[in-house]
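Visitor: Please take a close look with me at one part of this model, starting at the end of a helix and working outwards from there. I am in my first year, so please go slowly and name each part as you reach it.

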Amino acid sequence: MHRLGVDEARRIAVRAQLLDADRPAGLLGVVDRLAFLQLDPTAAVAPSADLVLWTRLGAAYRPEELRRALDVDRTLFELHACVRPMADLRLFRARMQRAPEYLRPREWLAANRAFAADVVARLRADGPLLSKEIPDTAAVPWASTGWTGNRNVTQMLEVLAGRGEVAIGGRRGKQRLWDLAERVYPSDVEVLPFAEAEQERDRRRLRALGIARSRTDQSSVEANDVGEAGEPAVVDGVPGEWRVDPDQLGRTSTGRTALLSPFDRLVHDRRRALELFGFEYTLEMYKPAAARRWGYFALPVLHADRLVGKVDAAADRRAGTFTVAAVHQDVPFTPAVTEDVDAELAALADWLGLALRR
């Protein structure tokens, strides 16, 4: 059982997420180390995946690199709103073959077998296609009280992607192009036994996080916990047991200042962020403007091994401006922190190609 000070635990988390002063060299190395990039259509500042990559790679990163890796080089693949290294497809093949069958999808699929066959046949004949180019022949509509209600083609494509029958083969503008998985994925992908693949995913997740709970609050995109990966640890002043990546123990690093996407994995597990960093955060874009404390798409501010505040900012590409409405200080900024945050805001505006407005 490793005993860690909370400062050391924070440094491990920051270093594992490639947020220390030693910046990584390239796109593929970053995605491999982070295990995945979460996609989200919100672009109040920039698409989250691009913002995560800029935070690690700096001004040299260009969004077209990500598009090329996905659509042309096929060194990355997209599945269920995440971008992952193509080399990790082997960790999902067994899961695709088992295709976990929750009750409602199983019943819906049973009633729509002909619809599923229609979708696959249409892609085989004419793919790649946008979802709106695929006829809806559902016998039973997808029922939901949310935005997915009656979005039958989209839901069927997601189900078939989870089963490894179809895949996202590119994009037309911001819209996904769907095709048969056999045309998108390599044909020689190893299929690991299910338990082995799940354990390796836990190890990959811990490598990206550095320190995490064995079991914790779940995310709709990717689990926040790591099972029995790594080694057990306790953190001074924080109740309960953790799992730590032993490769991170005993290492030293220099911190830096960074502006994070709200979907950045350093802060995505809100409970872990509160326990290790004392950082409270809620994504407030779903709240009425009057109820927001920090802003529509507030960017968490990392300084060395501390999360010290949030920046309420937005990009207006039509007006050519990047406007900072407020910088919320969780702890009083020293002059040095203020200078570093100002420099990061200027660097972000420059990368966006927009004029900074304060």
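Guide: Let us begin just after helix H12, where glycine 278 takes a positive phi of about 65°; please keep in mind that this is a predicted model. Stepping back into H12 itself, we find that Arg272, Ala273, Leu276 and Phe277 are buried. Looking down the axis of H12, you would see these buried residues fall within an arc of 100°, so they line one face of the helix. There is a general reason for such a pattern, since an α-helix has 3.6 residues a turn, so residues three or four places apart point the same way.

The next thing to ask is what H12 packs against. Helix H1, made of residues 6-16, and helix H12, made of residues 270-277, have axes that come within 9 Å and cross at roughly 135°. That angle makes H1 oblique to H12. On the H1 side the contact is made by Val6, Ala9, Arg10, Ala13 and Val14, and on the H12 side by Arg272, Leu276 and Phe277. Sorted by class, the contact of H1 with H12 holds 6 nonpolar residues, no polar ones and 2 charged ones.

With H12 in mind, you can turn to helix H2 and follow the steps again. Helix H2 covers residues 27-34, and within it Leu27, Val30, Val31, Arg33 and Leu34 are buried. Seen down the axis of H2, these buried residues fall within an arc of 165°, so they line one face of the helix. Just after H2 comes alanine 35, with a positive phi of about 80°, a positive value in a residue other than glycine. Alanine 35 sits in the loop between H2 and strand S2, which covers 37-38, and with a relative accessible area of 8% it is buried.

H2 also has a partner, helix H3, which covers residues 48-57, and the axes of the two come within 11 Å and cross at roughly 110°. H2 and H3 are therefore roughly perpendicular to each other. Leu27, Val30, Val31 and Leu34 of H2 meet Val52, Leu53, Arg56 and Leu57 of H3, and the residues of this contact divide into 7 nonpolar, no polar and 1 charged.

One residue of that contact, leucine 53, leads us further inside. When its neighbours within four places in sequence are left aside, leucine 53 is in contact with Leu27, Val30, Val31, Leu37, Gly58, Tyr61 and Leu66. The largest nonpolar core has 68 residues, and those with the most contacts inside it are Leu37, Leu53, Leu66, Ile211, Leu266, Phe322 and Leu348. A second core of 33 residues is separate from it and includes Leu79, Leu89, Val120 and Ile168.

Leu348 points us to another residue, leucine 259, which belongs to strand S10, residues 257-259. Not counting residues up to four places away in sequence, leucine 259 touches Trp54, Thr55, Leu299, Pro300, Val301, Val311, Glu344, Leu345 and Leu348. Leucine 259 has a relative accessible area of 0%, and is therefore buried.

Val120, named in the second core, takes us to one more pair of helices. Helix H7, residues 113-126, and helix H8, residues 152-162, pack at an angle of about 80° with their axes 10 Å apart, and they are therefore roughly perpendicular to each other. Phe115, Ala116, Val119, Val120 and Leu123 in H7 meet Asn152, Val153, Met156, Leu157 and Leu160 in H8, and these residues divide into 9 nonpolar, 1 polar and no charged. In the loop between H7 and H8 lies proline 128, and the peptide bond that reaches it from glycine 127 is cis, with omega near 5°.

Finally, consider histidine 80, which has a positive phi of about 50° although it is not a glycine. Histidine 80 is found in the loop between strand S3, covering 76-79, and strand S4, covering 82-85, and at 38% relative accessibility it counts as partly exposed, whereas alanine 35 is buried.

Conventions:
Residues are numbered from 1 along each chain as its sequence is written. This is a predicted model: local features need pLDDT of at least 70, side-chain atom pairs count only at pLDDT 80 or more; totals for chains, interfaces and linings use all residues. Side-chain values use heavy atoms; hydrogens and water are left out. Axes are lines fitted to C-alpha atoms, for helices over the stretch in contact, and angles run from 0 to 180 degrees between N-to-C directions. Helices (H or I, at least four residues) and strands (E, at least two) are DSSP runs, numbered from the N terminus. Angles under 35 degrees count as roughly parallel, over 145 as roughly antiparallel, 65 to 115 as roughly perpendicular and the rest as oblique. Contact means heavy atoms within 4.5 Å. Ala, Val, Leu, Ile, Met, Phe, Trp, Tyr, Cys and Pro count as nonpolar, Asp, Glu, Lys and Arg as charged, and the others, Gly among them, as polar. A nonpolar core is a set of buried Ala, Val, Leu, Ile, Met, Phe, Trp, Tyr and Cys residues joined through side-chain atoms within 4.5 Å. Buried means under 20% relative accessible area, exposed over 50%, partly exposed in between (1.4 Å probe, protein chains only). The arc is that of the directions from the helix axis to the C-beta atoms.
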